[in-house]
Amino acid sequence: MALTIEQRAQRLRVRLEELVWWRYRETRALDGWRVDGEPAEAGTPWPSGRRLVRLEHPRAELPAGWDLERARLHLDVGYDAHFRIDYRDAEPEAFGVDANHYELPLRARDFSVDATAIIRRDRGRDPRGPRLGAGELVLMEPAVDRLHRQLELIAETVDQLPGHDVRPLLLTAAEEALGRLEWPSATDAYLRRMSPRAQIRGLWSPPEFDDAPLTPMTDSELRSVELAADGLREELERLRGRFPKEGRLAVVGHAHIDLAWLWPLEETRRKGLRTFSSAVSLLSRNPGFRFNQSTAQLYAFVEEDDPNLFTQIREQVAAGRWEPIGGSWVESDTNMPTGESLVRQHLYGQRYFERTFGHRHHVAWLPDCFGFSPSLPGILRGAGLDSFFTIKTNWSETNRFPMDLFWWQGIDGSRVLTHIINNPSSSRRPGLSGYNGDVRPSNLKGTWANFKQKTLYDESLLPVGAGDGGGGPFPEMIADVTELEAFPVLPEVRYAKVADFYERAAAATDAGELPVWIGEMYLELHRGTLTTQGRTKRLNRRAERALIGAEVLGSLTALFCQGRPESLEPIWQVLLRNQFHDILPGSSIRQVYERTEAELSDTIAQADAVAERHLDRLAERVAAGDQRGLVMVNTELSPRPVRAVLREPFPGAQQVEEGWVLSGRDEIPGLSLVTVEGVEAPAGLEVSERTLENALLRVELDDRGRVTSLFDKRAGREALEGPARLWAYVDKPRSWDAWDIEAGYEGQGEEIDDLRSLEVIERGPHRAAIRVVRHFRSSTITQELRLWANSPRLDFRTTFDWHDRRWLVKARFPLAVRSADVTYECAFGVARRPTTRNTSWDEARFEVAGHRFADLSEPGFGVALLNDGRYGHHAHESELGLSLLRSPIYPDPYADEGVQTVTYALCPHTGDWLSGGILTEAEDLNQALRVRTARVTPGISRQAVTLKGTGVALGALKVAEDSEDLILRLYEPQGARGSVDISLPEGWELGGERNLLEDEVGEASTEFSPFQARTWSLVRKGS
């Protein structure tokens, strides 16, 4: 009776289980290991309480008669390790050893081993009962290994081609190859080979054998294997002629290395050494192989930690075989960083790559980020990157992203050629999919089948190699590529460079044929990353503003006082590192945030110290006089009201908990220094336990401490439709605890209304405040409702003392405004999203990103919700909300535990959000005026840059990285067109236009199109 296709395939898999045990001709145990200087044998427990151990073998030698080319050092140390092998007669080499990299080739017969092992699993898991694994020398049987590989690939191909006519022919080819074998069968020799099989080990009384060497196959038997493999290759090539390959895939070796995630940064440095060592080894032994790697920060770590390895990398780069990619300092989050941070990711990344490897990059490489800002295409183009790669939109749970080779157009109209791959999991190696790809038939067939734009272009991209925790490609992948060349039906594969793939795609496709996606690429998943680890998010915001402000102060010093301010690149690099897509989003372990919070706090302190030095110089050189007064510097572009916190008493100032506060009637021009004798508070500030009022607003509270009325006196209009509330929602997503907010979370929540106290704590004349204390289960929320005498906004300074797990806390504002969309600040502009939930695309956007404000407006009136360090928002019909805190338990069981503070504010306005002053108020909330007491000449007013014309916003005012010039970057923030006139202080003039990398690109133009960012040099006259 004839067997079915499935039965024949099952029989083939059984034969494969036999072949695998004959891949080694001989094995020799390698005894004599030392762990931390002490003798150790296989099975010895690792030293208790240790994380890093040193593993050594002082001297090993291949047995006489062994062929060096076929010899391998087979290592199972239990964990990831970095091995250095020193030879008596050859140059040393290094390897990373992990679950996928464990058979190491050798350069010479006599060697010693020195290794560092981390007693952790590949993703940081803490093992139980850790022990030293095996170390042995093995002599390969290449013919058996090759035949096993061929048959294994055939078995998987048959599985991947249900109903295809080639399936029975592939099985026949495999069966004929097996029929050619002269196979060993002597009982003792055969059972000794089979004894490691689980089936044999599981017997009640399995066979026992002495330690005698394995019996190798005879020359005749090996010759039959070689003939079988050669014949099988010929038959596969014949079938390929009858059933041609379908599709093309450009294969690139790759190792995604999360800069921090389930391990601390220190381990990432070791991962880099292990991964890069393995990649160099593979490149040196496989001439056709190619490897790519992103992240300037990772290269910088390796350059510092192992200069010899880095020299080898540079040699491979120069040879065109190792491709640095991405052009950015790290693979950062793109939803939360400000536009200037995204610029610096590429400015400092591209500078590093050019300095180190001699060229910049053209392909942005962000495979794993959690959604993509609508302003990113413009930033990429300005930084010299015209192409973009990711896979992450395939993770969306609700709607399938409709295209995968297309032009992505940003809010400024810039376009980048974008490719998204959908690489399914390997059936043989289930952990390899997406950007951690494999070259198994399941990957090749699935990736090509999923390629939507194959009618417009004939090739897709496939990065292969173990990732997240690093590792990269392994030798089996390279051998698979060689064997798959002969296979029918499966896509053709070729090693390629990523940049070459995009250049070919751009040249071969008609720009008008490819589809266009306009605006943000929203990920319908991982929405909780906009809120988790709130301390880190607020520190990130403060660090961004502190660095930008310090650079402005340095530039004012140059403009007013001569001299060249220092570049703050080293401080920026620390911030950029901590904007990595598993750090800033809050999806890493506790140890990561202990370091991140310390580093960001230090970044703020360093930036503030730079700012204070420049402020000292300005006070001495520009403002100096004989009268005690105030020096006030506005480091933003918008005119700012005087609201200041002083560190020391000053006549007329109001003492509060954090110092002394002042408010005034006048505004300070943008980018200017002003000196005054003093300021007088505007009249009309009043406070009681239930009301706050100034000349612009009247605020009313109910007996539960909730704001029930926010009346805008200018518009004569109420801003609220109901009480402002704090709500807590049960936050237990199906998976991805720190990452996700579950759809339908609103169905299980409660108002936080356990009022414990309500009291007036500030009575003016500059600022009034009411303190409201509430309890929620084991936690306390203290809010200070603050109203400045000259402010159109109500501030909610909120301090959490949080001790509860798996809750989401939101501020909710039902507004007396109706609009079909909400305006959210994003990098270098705004994104507009619907308040309706008419479609599945609308419904999926139940939590979205916003920077310093979100605004809901009708014609002539609106209300903005501002914040100084949160990013997750919701809007539904007339309700605006801000996510304040999440407390997941994985991967940090104590996320958002303890004390943290954030301030948000509600600000009604007339007109639209820009003309209504919302950008100014958002700037004020996030970066206070620089004010200090000094001996001054009152009445000085010096403005560094004066603008007239269309409304623009400040990106940066900084020193040029490579000259004495200054760099001014402005952007159009609301989607309008127009021009500006730029006036500079005496002795300075507007130089040429620059791109974001500070290259000169032509004559200066001051015409702006919607959301366009422009950069110029400011040049000393006569220089």
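**Exercise 1. The largest cavity**

Task: Find which element gives the largest share of the lining of the largest cavity, then describe that cavity.

Solution. Helix α15 provides the largest share of this lining, with four residues. The model is a predicted one, and a search of the whole structure returns 10 cavities of 30 Å³ or more.

Step 1, volume: the largest cavity measures about 180 Å³ by computation.

Step 2, centre: 20 residues line the largest cavity, and those closest to its centre are Thr338, Gly339, Arg545, Glu825 and Arg852.

Step 3, elements: at least two lining residues each come from α10 (339–357), α15 (534–561), β38 (821–826) and β49 (953–959).

Step 4, classes: the lining of the largest cavity holds eight nonpolar, four polar and eight charged residues.

**Exercise 2. The two largest pockets**

Task: State the volume of the largest pocket and of the second largest pocket, and give the class composition of each lining.

Solution. Take the pockets in order.

Step 1: the largest pocket has a volume of about 1300 Å³. Its lining comprises 38 residues, of which Val645, Glu658, Gln927, Ala928 and Leu929 are the closest to the centre.

Step 2: by class, 22 residues in the lining of the largest pocket are charged, 12 are nonpolar and four are polar.

Step 3: for the second largest pocket the volume is about 950 Å³. Here 39 residues form the lining, and the closest to the centre are Arg72, Asn286, Pro475, Glu476 and Ala479.

Step 4: the elements giving two or more residues to the lining of the second largest pocket are the strands β5 (71–75), β7 (93–97), β8 (103–105) and β19 (492–495), together with the helices α2 (142–160), α7 (265–285) and α13 (475–484). Helix α13 makes the largest contribution, seven residues.

Step 5: the lining of the second largest pocket divides into 17 nonpolar, eight polar and 14 charged residues.

**Exercise 3. Packing of α8 and α9**

Task: What is the relative orientation of helices α8 and α9, and which residues make the contact?

Solution. Start from the geometry of the pair.

Step 1: the axes of α8 (residues 296–305) and α9 (residues 307–318) come within 5 Å and cross at roughly 125°.

Step 2: an angle from 65 to 115 degrees would count as roughly perpendicular, and one over 145 as roughly antiparallel. The crossing angle fits neither range, and α8 and α9 are therefore oblique to each other.

Step 3: on the α8 side the contact involves Tyr299, Val302, Glu303, Glu304 and Asp305, and on the α9 side Pro307, Leu309, Phe310 and Ile313.

Step 4: sorted by class, this contact of α8 with α9 has six nonpolar and three charged residues, and no polar ones.

**Exercise 4. A salt bridge across the chain**

Task: Which parts of the chain does the salt bridge of Glu175 and Arg11 link?

Solution. The structure holds 106 salt bridges. One of them joins the side chains of Glu175 and Arg11, with an N to O distance of 2.9 Å. Glu175 belongs to helix α3 (residues 166–179) and Arg11 to helix α1 (residues 5–19); the two are 164 residues apart, and the pair links distant parts of the chain.

**Exercise 5. Backbone geometry in loops**

Task: Locate the cis peptide bond at Pro765, the one at Pro891, and the positive phi of His526.

Solution. Treat each residue separately.

Step 1: the Gly764 to Pro765 peptide bond is cis, with omega near 15°. Pro765 sits in the loop between β33 (754–763) and β34 (767–776).

Step 2: Tyr890 and Pro891 are also joined by a cis peptide bond, with omega about 5°. The loop between β44 (879–886) and β45 (898–910) contains Pro891.

Step 3: His526 is not a glycine, yet its phi is positive, about 60°. His526 lies in the loop between β20 (516–518) and α15.

Methods: Residues are numbered from 1 along each chain as its sequence is written. This is a predicted model: local features need pLDDT of at least 70, side-chain atom pairs count only at pLDDT 80 or more; totals for chains, interfaces and linings use all residues. Side-chain values use heavy atoms; hydrogens and water are left out. Axes are lines fitted to C-alpha atoms, for helices over the stretch in contact, and angles run from 0 to 180 degrees between N-to-C directions. Angles under 35 degrees count as roughly parallel, over 145 as roughly antiparallel, 65 to 115 as roughly perpendicular and the rest as oblique. Contact means heavy atoms within 4.5 Å. Ala, Val, Leu, Ile, Met, Phe, Trp, Tyr, Cys and Pro count as nonpolar, Asp, Glu, Lys and Arg as charged, and the others, Gly among them, as polar. On a 1 Å grid over the protein atoms alone, a cavity is a set of points where a 1.4 Å probe fits but cannot get out, and a pocket is an open set with protein on both sides within 12 Å along at least five of seven lines; lining residues have an atom within 4 Å of a point. Grid points are joined across faces, edges and corners, and a volume is the space filled by probe spheres set on the points. A salt bridge is a side-chain nitrogen of Lys or Arg within 4 Å of a carboxyl oxygen of Asp or Glu.
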